[in-house]
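Work through the exercises below with the sequence and the structure in view, and try each task before you read its solution.

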Amino acid sequence: RKASISLMEYKTLESATNEFQESEILGEGGFGCVYKAKLEDNLYVAVKKLQGGTQDAIKEFETEVELLSQIQHPNIISLLGYCIHGETRLLVYELMQNGSLESQLHGPSRGSALTWHHRMKIALDAARGIEYLHEHCNPPVIHRDLKSSNILLDSNFNAKLSDFGLAVLGGAQNKNNIKLSGTLGYVAPEYLLDGKLTDKSDVYAFGVVLLELLLGRRPLEKLAPTHCQSIVTWAMPQLTDRSKLPNIVDPVIQNTMDLKHLYQVAAVAVLCIQPEASYRP
Ligand code: ACK
């Protein structure tokens, strides 16, 4: 097992539960714990451990394994292996030494470690990861749960997308064949209101992440659908004129993303954070 594994290889790890030295808990999620574990000398990995689990949790585990086993990209987390051992399921990833973007921005260090150069590079890395999912995967992949806690940073602050449990293959979907999932505050209004899921749902979530990078603050977590709708109705006509847009986003991102959508969310999020401000791009 140990000899055959490399950072870019995908292998089934059998009976790994007994072999990992669980040295440090990196964090906890709804699914269980993430450990820093020693795989072999000088090779540390992150192990996500799911105990028991509902049907939904098992489905998410399967989606993550299926998808990540086929994807290799510098801006998408590498899955090194997985293990099913009785009720326990393990997912083994490359270790991202600087944790999530969320912990960097909103954790105890409060973003102080992130220079503007870092923030711009993180935005660009995330955009490249998203572009790969939307434009180069066949069938295309909608991540469906993009947020700062799912963007991980390595020792050089290179950013990689993670957590593909809710991802959907095959492009646009509507509410008839998909369950509404995601994280409030990052969910695109048209998905929240009408169940219309497209690759632009990821673009919206990316817009919220850009705002977190720019403002260092978290957008409002809970938005009532009616509130959301009225803000979007207000924001749209004002945000369609490209010439009015500030030059805050890297040109590569501008080419990659639908700007109208991106600035729409920027306006929505700024209004949520500072309702009193009159935001005019
Ligand atoms: O925000 P964090 O520091 O980064 O805490 C969360 C926690 O585990 C629960 O998700 C961290 N985490 C997840 N995957 C990895 C990984 N591959 N490398 C390092 N930390 C990780 C995440």
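**Exercise 1: the ligand shell**

Sort the residues of the shell around the ligand by class, and find which element gives the most to this shell.

Solution. The shell consists of eight nonpolar, seven polar and one charged residues, where Ala, Val, Leu, Ile, Met, Phe, Trp, Tyr, Cys and Pro count as nonpolar, Asp, Glu, Lys and Arg as charged, and the others, Gly among them, as polar. This is a predicted model, in which local features need pLDDT of at least 70 and side-chain atom pairs count only at pLDDT 80 or more, while totals for chains, interfaces and linings use all residues. Residues are numbered from 1 along each chain as its sequence is written. In total, 16 residues surround the ligand, and the closest are G27, A46, G99, S100 and S103; a residue is near a molecule if its C-beta atom, placed from the backbone, lies within 6 Å of it. Both β2 (21–29) and α3 (101–106) supply at least two residues each, and β2 gives the most, with three residues. Helices (H or I, at least four residues) and strands (E, at least two) are DSSP runs, numbered from the N terminus.

**Exercise 2: the core and L161**

Describe the largest nonpolar core, and then decide whether L161 is buried or exposed.

Solution. A nonpolar core is a set of buried Ala, Val, Leu, Ile, Met, Phe, Trp, Tyr and Cys residues joined through C-beta atoms within 7 Å. The largest one has 57 residues, and A126, F206 and V209 have the most contacts inside it. Helix α6 (residues 199–215) supplies the largest share of this core, nine residues. Turning to L161, which lies in strand β9 (residues 159–161), we count 25 C-beta neighbours inside 10 Å, and therefore L161 is buried (20 or more other C-beta atoms within 10 Å; exposed means 12 or fewer, partly exposed in between; C-beta atoms are placed from the backbone). Leaving aside residues up to four places away in sequence, L161 touches N75, I76, I77, A126, G129, H143, N150 and I151, a contact being two C-beta atoms, placed from the backbone, within 7 Å.

**Exercise 3: backbone geometry**

Find where F157 and P139 are placed, and state what is notable in the backbone of each.

Solution. Most residues other than glycine have a negative phi, and most peptide bonds are trans. F157, in the loop between β8 (151–153) and β9, has a positive phi near 65 degrees, and F157 counts as buried because it has 20 C-beta neighbours inside 10 Å. P139 is found in the loop between α4 (116–136) and β7 (141–142), and a cis peptide bond, with omega about 5 degrees, joins N138 and P139.
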